[in-house]
Amino acid sequence: MNGQRYRPTRRTVLALAGATAAGLAHAPGAAARPRGPEGRRGRRLRVYLGAYTGGDAAHGIGVASADPDTGALRLESVVPAEDPSFLALSATRRVLYAVNEVEEGGVSAYALAPDGAVRRFLGRSPSGGAHPCHLALHPGGRHLFTADYTSGTVGVVALRPDGAPGEVVQVVRYTGSGPDPERQDGPHAHMVLPDPAGRRLLAVDLGTDTVHVHRFDARRGLLTDGAEARMAPGSGPRHLAFHPSGRTVYVLGELDSTLTSCAYDAARGTLTPVATVPILPKDADPIPSTAAEVLVSADGRFVYASNRGHDTVTVLAVDASDTTRLRPVSHHPSGGSSPRHLAFDPAQRLLYTANQHSGTVAVLRRDPVSGALSPAGEPLAFPRAVCVLPAGRGR
């Protein structure tokens, strides 16, 4: 990195050039008939890809198939969309949602066929702020939440009966700043996630080193003030993940490449930081690296975190007697440059990495005993890939 710190601003990220989209199979608004590998009958895995479009009107959401044995991806079509940088599925898996990470932020929805192909565009609504970079669905299925990075806001969007986004019910605006003048000049909401019961929403603010815990009234679709958990100054919390027990939350610090374990009290709606561990190897230079994504295995034994710049995925073991205790056990190449997003396949035998700068989606095989990762075939080329969403059997 020529000694310079790799810390792109949101606007810089949006302007990054990647590989061109030439040669991709485009669709005018719906995916073509699947022609990817079938594998065992009825067990093909559908995978959706989010990206920054870079002004390319034909680029957007990738629709791919994964081989059921190797996990290798084959791109089937691309649904044109404006900067669909994060994706989510409805509980029924019949509606696909995407943020539109632009100045006048939006949320778009697409109806899916039973086999996962994109059937039609359902509609788009405002996100409630500027440059939404994350969204999450409430378990009740009537609302979704957005994290709007530039405006430092969280939006609540009502969903119509067919799943299309409707009116913005509420916008929560944060205030404050952090010690980093480049990245923490003001609030920057980066992730939203309902707790397992759907009674509260956790919102991560990178700009103020804060995780907000709001109470959510599902009947009215409104967030109310709640607790605030302060992370280490300058850590820049980006994403978080629940342990399957629901009692521990792991908060990823983008700016200092750390993972902080927090005790979560669902009844009181409080989040209490307990311990912090680094996610880079001891001999790694922390300056050119920023953390991006965190996942927890379904058995609760391992946590996975990605490091951009260092271009690795770190595996951390969870203490069986105390889930707030983590121990880094291994570090593995991400299969590309700048791993912005990670996702398991439904069986959690594989881990997919969306590598933004190399414009690739790589597949890594996961050892459920040791947690270790290993390459599992050639990465799929997909320009400016920033999100990977496997959605299929068993999920």
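**Group meeting: a walk through the predicted strand-rich chain**

Buried residues make up 61% of the 395 residues in this chain. Keep in mind that we are looking at a predicted model. The secondary structure comes to one helix and 29 strands. How far apart in sequence are the residues that touch? Take contacts between residues at least 6 apart in sequence: 52% of them join residues at least 24 apart.

Let me start with the nonpolar cores. The largest has 30 residues. Which residues have the most contacts inside this core? They are Tyr48, Ile61, Leu87, Leu96 and Tyr97. Many strands feed this core. Strand 2 (60–66), strand 4 (87–89), strand 5 (95–100) and strand 6 are among those that each supply at least two residues. So are strand 7, strand 8 (132–137), strand 10 (153–159) and strand 29 (385–391).

Look at Ile61 on the screen. Leave out residues up to four places away in sequence, and Ile61 touches Leu49, Ser77, Val78, Val79, Ala81, Pro84, Leu87, Leu96, Ala98, Tyr110 and Phe382. Apart from the core of 30 residues lies another, of 20 residues. Among its members are Ala64, Leu73, Tyr352 and Ala376.

Next, the aromatics. A search of the whole structure finds four aromatic pairs. I will show two of them. One is Tyr110 with Phe121: a tilted pair, 5.4 Å centre to centre, with 55° between the planes. This pair links distant parts of the chain, with Tyr110 in strand 6 (residues 106–112) and Phe121 in strand 7 (residues 118–126), 11 residues apart. Are the two rings buried or exposed? Tyr110 has a relative accessible area of 4%, so it is buried. Phe121 has 45% relative accessibility, so it counts as partly exposed. Remember that Tyr110 is also one of the residues Ile61 touches.

The other pair is Phe145 with Phe216. Here the geometry is edge-to-face: 4.9 Å centre to centre, 80° between the planes. Phe145 sits in strand 9 (residues 143–148) and Phe216 in strand 14 (residues 210–217), so these partners are 71 residues apart and the pair links distant parts of the chain. Phe145 counts as buried at 1% relative accessibility. Phe216 is buried too, with a relative accessible area of 6%.

Now the charges. Side chains of opposite charge can pair when their charged atoms come close. The whole structure holds eight salt bridges. Which residue does Glu254 meet at 3.0 Å, N to O? That partner is Arg183. Glu254 lies in the loop between strand 17 (248–253) and strand 18 (258–265), and Arg183 in the loop between strand 11 (165–173) and strand 12 (189–194), so the salt bridge ties together parts 71 residues apart in sequence. Glu254 counts as buried at 2% relative accessibility. Arg183 is buried as well, with a relative accessible area of 3%.

Glu254 has another partner. Arg308 forms a salt bridge with Glu254, the closest N and O atoms being 3.1 Å apart. This pair again links distant parts of the chain: Arg308 is in strand 21 (residues 302–308), 54 residues from Glu254 in its loop. Arg308, at 2% relative accessibility, counts as buried. Salt bridges that share partners join Arg183, Arg238, Glu254 and Arg308 into one network.

Set that beside Arg230 and Glu228. They form a salt bridge, with the closest N and O atoms 3.2 Å apart. Arg230 counts as exposed, at 54% relative accessibility. Glu228, at 46%, counts as partly exposed.

Last stop, a sheet. Four strands form an open sheet in the order 20-21-22-23, and the pairing is antiparallel. Which strands are at the edges? Strand 20 (290–296) and strand 23 (326–333) are, and each pairs on one side only. Neighbouring strands of this sheet are turned by 25° against each other on average, direction ignored. Strand 22 (residues 312–318) and strand 23 pair in the antiparallel sense over seven bridges. For one of the residues to find on screen, take Leu316: its bridge partner in strand 23 is Pro328. Strand 21 in this sheet is the strand that holds Arg308.

To wrap up, keep two pictures from this predicted model. One is the core of 30 residues. The other is the network of Arg183, Arg238, Glu254 and Arg308.

Conventions
Residues are numbered from 1 along each chain as its sequence is written. This is a predicted model: local features need pLDDT of at least 70, side-chain atom pairs count only at pLDDT 80 or more; totals for chains, interfaces and linings use all residues. Side-chain values use heavy atoms; hydrogens and water are left out. Rings of Phe, Tyr and Trp (its six-membered ring) pair if their centres lie within 6.5 Å; planes under 30 degrees apart count as stacked, over 60 as edge-to-face and the rest as tilted. Buried means under 20% relative accessible area, exposed over 50%, partly exposed in between (1.4 Å probe, protein chains only). Two strands pair if DSSP finds at least two bridges between them. Axes are lines fitted to C-alpha atoms, for helices over the stretch in contact, and angles run from 0 to 180 degrees between N-to-C directions. A salt bridge is a side-chain nitrogen of Lys or Arg within 4 Å of a carboxyl oxygen of Asp or Glu. A nonpolar core is a set of buried Ala, Val, Leu, Ile, Met, Phe, Trp, Tyr and Cys residues joined through side-chain atoms within 4.5 Å. Contact means heavy atoms within 4.5 Å.
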